[in-house]
Amino acid sequence: MKMQADRPEGSNAITRHGPQGVVVNGQEHRQSLLVPWRGDIVPWAVDSFEALEEASFEALAALEPELVIFGSGSRIRFPRPALLKALMARRIGFETMDTPAACRTYNVLLGEGRAVVAALLFERGG
């Protein structure tokens, strides 16, 4: 008996995650990145929570998901609502959680066939 969900063909599954990065479709990533349900994984030019700006979320809106799961790092932190204007204008849902929870939630939604993007923050330095 098979006990794991099928991954829809052409989708991006997160197969492992840790404090320093994630593995998506067998490839390791050690920087902040955007993982869309389909298409290319995109490096996200954000290296700290404090570096988030409106343009950071405009990049997400351009991917046209129905929902964004924001992994804010090792602990849950909420971005200022003003930064989310591009998502709100397009009526794109937004959820914040720590990065490990974001990875798990993304995979569940991916398995349901949802148009979801994981925006995963991996802070550098300090």
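**Exercise 1. Is Phe57 buried or exposed?**

Solution. This is a predicted model, and the classification rests on a computed value.
Step 1. The relative accessible area of Phe57 is 0%.
Step 2. A residue counts as buried under 20% relative accessible area.
Step 3. Phe57 is therefore buried, given its 0%.

**Exercise 2. Determine how far the model can be trusted along the chain.**

Solution.
Step 1. Take the average: the protein chain has a mean pLDDT of 91.
Step 2. Take the share above the cut-off: 91% of the residues score at least 70.
Step 3. Look for a weak stretch. Residues 1-5 have a pLDDT below 50, and beyond near neighbours in sequence they make zero contacts in the model.

**Exercise 3. Describe the three-stranded sheet and the helix that packs on it.**

Solution.
Step 1. Write the strand order. The sheet is open and runs S1-S2-S3, with antiparallel pairing.
Step 2. Find the edges. Strand S1 (14-18) and strand S3 (27-29) each pair on one side only.
Step 3. Give the twist, which averages 15° from one strand to the next.
Step 4. Add the helix. Helix H3 (residues 99-111) touches S1 and S2, and the direction of H3 makes about 170° with that of S1.
Step 5. Inspect one strand pair. Strand S2 (residues 21-24) and S3 run antiparallel and are joined by three bridges. Within this pair, Val23 is opposite Glu28 of S3.

**Exercise 4. Describe the five-stranded sheet, and state which strands H3 lies across.**

Solution.
Step 1. The order is S5-S4-S8-S6-S7 in an open sheet with mixed pairing.
Step 2. S5 and S7 are the edge strands, each paired on one side only.
Step 3. S4 and S5 run antiparallel, with two bridges between them. Leu34 has Val42 in S5 as its bridge partner.
Step 4. H3 lies across S4, S6, S7 and S8 and runs at about 165° to S8.
Step 5. Combine with the previous exercise: H3 also packs on the three-stranded sheet, through S1 and S2.

**Exercise 5. Which residues touch the most other members of the largest nonpolar core, and which element supplies the largest share of the core?**

Solution.
Step 1. Recall the background: in soluble globular proteins, nonpolar side chains tend to be buried together.
Step 2. The largest core here has 39 residues, and the members with the most contacts to other members are Ile14, Trp44, Leu60 and Leu120.
Step 3. List the suppliers. At least two residues each come from S2, strand S4 (33-36), helix H1 (54-62), strand S6 (67-71), helix H2 (85-89), H3 and strand S8 (116-120).
Step 4. H3 gives the largest share, six residues.
Step 5. Take Ile14 as an example. Leaving aside residues up to four places away in sequence, its contacts include Val22, Val23, Val24 and Val35. Cys103, Tyr106, Asn107, Ala118 and Leu120 are also touched by Ile14.

**Exercise 6. Classify two of the aromatic pairs and locate their rings.**

Solution.
Step 1. A pair of aromatic rings is described by the distance of the centres and the angle of the planes.
Step 2. The structure holds five such pairs. In one of them, Trp44 and Phe70 are 6.1 Å apart centre to centre with 85° between the planes, which is edge-to-face.
Step 3. Trp44 is in the loop between strand S5 (42-43) and H1, while Phe70 is in strand S6, 26 residues apart.
Step 4. Check burial. Trp44 is buried at a relative accessible area of 6%, and Phe70 is buried at 0%.
Step 5. For Phe57 and Phe94, the ring centres are 5.8 Å apart and the planes are at 80°, so this pair is edge-to-face too.
Step 6. Phe57 belongs to helix H1 and Phe94 to strand S7 (residues 93-97), so this pair connects parts 37 residues apart in sequence.
Step 7. Ring pairs link Trp44, Phe57, Phe70 and Phe94 into a cluster.

**Exercise 7. Compare the surroundings of Ser56 and Ile76.**

Solution.
Step 1. Locate them. Ser56 is in helix H1; Ile76 is in the loop between S6 and H2.
Step 2. Compare accessibility. Ser56 is buried, at 7%, whereas Ile76 is partly exposed, at 44%.
Step 3. List contacts, not counting residues up to four places away in sequence. Ser56 touches Trp44, Val46 and Ala51. Ile76 touches Thr96, Met97 and Asp98.
Step 4. Add a distance for Ile76. Its C-alpha atom is separated by 24 Å from that of Ala89, 13 residues apart along the chain.

Terms used: Residues numbered from 1 in each chain as written. Heavy atoms only, no water. Pairing = 2+ DSSP bridges. Helix = DSSP H or I, 4+ residues; strand = E, 2+ residues; numbered from the N terminus. Axes fitted to C-alpha atoms, helices over the stretch in contact; angles between N-to-C directions. Contact = heavy atoms within 4.5 Å. Core = buried A, V, L, I, M, F, W, Y, C linked by side-chain atoms within 4.5 Å. Buried < 20%, exposed > 50% of the residue type's maximum accessible area, 1.4 Å probe, protein only. Phe/Tyr/Trp six-rings, centres within 6.5 Å; stacked < 30°, edge-to-face > 60°. pLDDT = per-residue confidence, 0-100.
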